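Me: I would like to go through this model with you by question and answer, and I would ask you to reason each reply through to the value or name requested.

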Amino acid sequence: MTSSTPQYLSLHALETFAAALPVRDENGQPKAFVYGGAERTAISAQARRRAERTHSRNRANRGEGPLASYSSGRRTREWALFTRDALVKNHDWDPDQAIYAAKAALEGLGLKFGEKESTALLTKVLFYAPEDSGDRIADHISTHADTFTKWLAQYTAAKTEAAAKEEAKRDAKKNARKKTTTDTEPATKDSKEEEVKIPPLPKNLRTGILTAFAPRDAIDITVFGRFLAEVAELRTVDGAAQHSWAFTIAPAEHIDDFYAAADDAKLERRENALDFLDAADNAGAGMTGYQSLISGTFYRHAALDRHKLRVNLRAAGMTEDEADIAAQAAEAEFVQAFVDAVPRAKANSTASTGTLPNLVLAHEGARPYFYAAAFQSHIDETSDGPAALAGAKRLLDHHRLITTKRTDVTPGRLLTYDLDIQNLINQLTADGTLPASEATTLEELTA
């Protein structure tokens, strides 16, 4: 990044949903909060970040977009399973031996696994790492097979010793309970399960597994960041991207939609019934219920710290030139995902993922700019007209005000997919009062 390039890229969007539910709370209800004295429907920053991250990863894995030549990250608890699969497929290991070795290696690194049968092969925490980390761990284990086999024997001995101590404790508790039934002495309280003292991994093994989990060229990790407290050497990556919660610029509009699901077999019997009693027996829906749906125009914001992005890429092992090229590709994909990605909840029943923003504003500055204040006073559609158009006027007015009072912000670029807003932009262009230049394609939003 040159010294003349502003550090932050700020993105703003107005986006309209009709009878949709892009995100919901634990009760299946729309998320909402009060702002400016009115309840606003909300879409959480977490939902937006996941939608954008997976959108970009899927594009890259299909060989599309500016990140097609880079790897991507995967956030999962299944790294032992991926390592097992790689050991079996690429190195001809027995599946049972492979899963035992994979789990042991990750425990040796410091990761802990679930305690129930259903979670015994899953790490306790989600871990965000390059998609090929399991393959790399398997390769490293096989390359250093002699060293790993010796360590694995120590690991097994430690597990066996801990199991023997645990069995002895259980036997002692049983004897104590038997004694309590004949004597008056109180039974001993349950103590914690015997902790396994796992032997440390040899340095070369540990270094190789740590390297497998390093971000490397998984650009999305450097953009969105990751946190892992369990392994000290795998530093927390402070992501370069910031996302706001999206909220409606007019008061929240919710409906509780009653639905009935038909039972095909019952309907077929009813349609072919030979008398009214048979028809009555097969009347009624197979299932009924309610779903909450929302409508409204949302304002949302994201910002990209170009300096932080390059620092993260350098820390992942890239040279300065490599980091600069990767950062430019990451920025182009970040803008694309901001415009096109949509959270997928109720996607099939509401077609919400086909939504395009009404307006996108991209500009640079020495700091990020969040324009939520423009909508603290909510849009009143009875007097202001349609929310999207009224919101566009207010957003552009707000941006014009900021650019006239701040020297550390650029006018930027505008893109619309809304016919009414396009007419507004045409009018402002003719008047010479458009506060930013118009972009005719998504790619033109990137400076």
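Me: Which elements are included in what covers the buried residues of α2?
Reply: The model is a predicted one, and in it the buried residues of helix α2 (residues 79–91) are Trp79, Ala80, Leu81, Thr83, Ala86 and Leu87. The elements that cover these buried residues include two strands and three helices, namely β4 (73–76), β5 (127–130), α3 (95–109), α4 (133–143) and α6 (203–213).

Me: How far apart are the end C-alpha atoms of α2, and what should the helix span at 1.5 Å a residue?
Reply: Helix α2 has 13 residues, and because the expected span is 1.5 Å times one less than the number of residues, the helix should span 18 Å. This agrees with the separation found between its end C-alpha atoms, which is 17 Å.

Me: Which residue follows α2, and what is the sign of its phi?
Reply: The helix α2 ends at residue 91. The residue that follows α2 has a phi near 60°, which is positive, and that residue is Asp92.

Me: How many of the residues of α3 are buried?
Reply: Helix α3 reaches 21 Å from its first C-alpha to its last, close to the 21 Å expected at 1.5 Å a residue. Its buried residues include Ala98, Ile99, Ala101 and Ala102, and among them are also Lys103 and Glu107. The helix is mostly covered, the count of buried residues being 11 of its 15.

Me: Which residue of β10 is the bridge partner of Leu9?
Reply: Strand β1 (residues 8–20) pairs with β10 in the antiparallel sense, over seven bridges. In β10, Leu359, Leu361, His363 and Gly365 point one way, while Val360, Ala362 and Glu364 point the other way, and all are buried. Among these residues of β10, the bridge partner of Leu9 is Glu364.

Me: Which residue of β11 is the bridge partner of Val360?
Reply: Strand β10 (residues 359–365) is joined to β11 by four bridges, and the two strands run antiparallel. Within this pairing Ala362 has Arg413 as its bridge partner in β11, whereas the partner of Val360 is Leu415.

Me: Are the two faces of β11 covered or open, and which residues lie on each side?
Reply: Strand β11 (residues 413–416) has both faces covered, and its four named residues are all buried. On one side lie Arg413 and Leu415, and on the other Leu414 and Thr416.

Me: What is the handedness of the crossover from β11 to β12?
Reply: Two bridges join β11 to strand β12 (residues 437–438), and these strands run parallel; in this pairing Arg413 stands opposite Ser437. The chain passes from β11 to β12 through helix α15 (residues 419–431), and this β-α-β crossover is right-handed.

Me: Does Ser437 count as buried, partly exposed or exposed?
Reply: Ser437, found in strand β12, touches Gly412, Arg413 and Leu414 when residues up to four places away in sequence are not counted. The relative accessibility of Ser437 is 40%, and because this lies between the 20% below which a residue is buried and the 50% above which it is exposed, Ser437 counts as partly exposed.

Me: Why does Ser352 count as buried, and which residues does it touch?
Reply: Ser352 has its place in the loop between α12 (347–350) and β10. Its relative accessibility is 2%, and so it counts as buried, since the cut-off for buried is under 20%. Leaving out residues up to four places away in sequence, Ser352 touches Phe17, Ala20, Val342, Pro343, Ala345 and Ala347.

Me: What is the volume of the second largest pocket?
Reply: The lining of the second largest pocket has 13 residues, and those nearest its centre are Ala51, Thr54, His55, Val342 and Arg344. Helix α1 (residues 45–61) gives the largest share of this lining, six residues. The volume of the second largest pocket is about 270 Å³.

Me: How much space lies in the largest cavity?
Reply: The lining of the largest cavity includes Glu52, Arg53, Ile219, Phe224, Ala330 and Phe334. At least two residues of this lining come from each of α1, α7 (219–224) and α11 (320–340). The space in the largest cavity is about 100 Å³.

Note on methods: Residues are numbered from 1 along each chain as its sequence is written. This is a predicted model: local features need pLDDT of at least 70, side-chain atom pairs count only at pLDDT 80 or more; totals for chains, interfaces and linings use all residues. Side-chain values use heavy atoms; hydrogens and water are left out. Buried means under 20% relative accessible area, exposed over 50%, partly exposed in between (1.4 Å probe, protein chains only). Two strands pair if DSSP finds at least two bridges between them. A crossover is right-handed if, with the strands pointing away from the viewer, the path from the first strand over the helix to the second runs clockwise. Contact means heavy atoms within 4.5 Å. On a 1 Å grid over the protein atoms alone, a cavity is a set of points where a 1.4 Å probe fits but cannot get out, and a pocket is an open set with protein on both sides within 12 Å along at least five of seven lines; lining residues have an atom within 4 Å of a point. Grid points are joined across faces, edges and corners, and a volume is the space filled by probe spheres set on the points.
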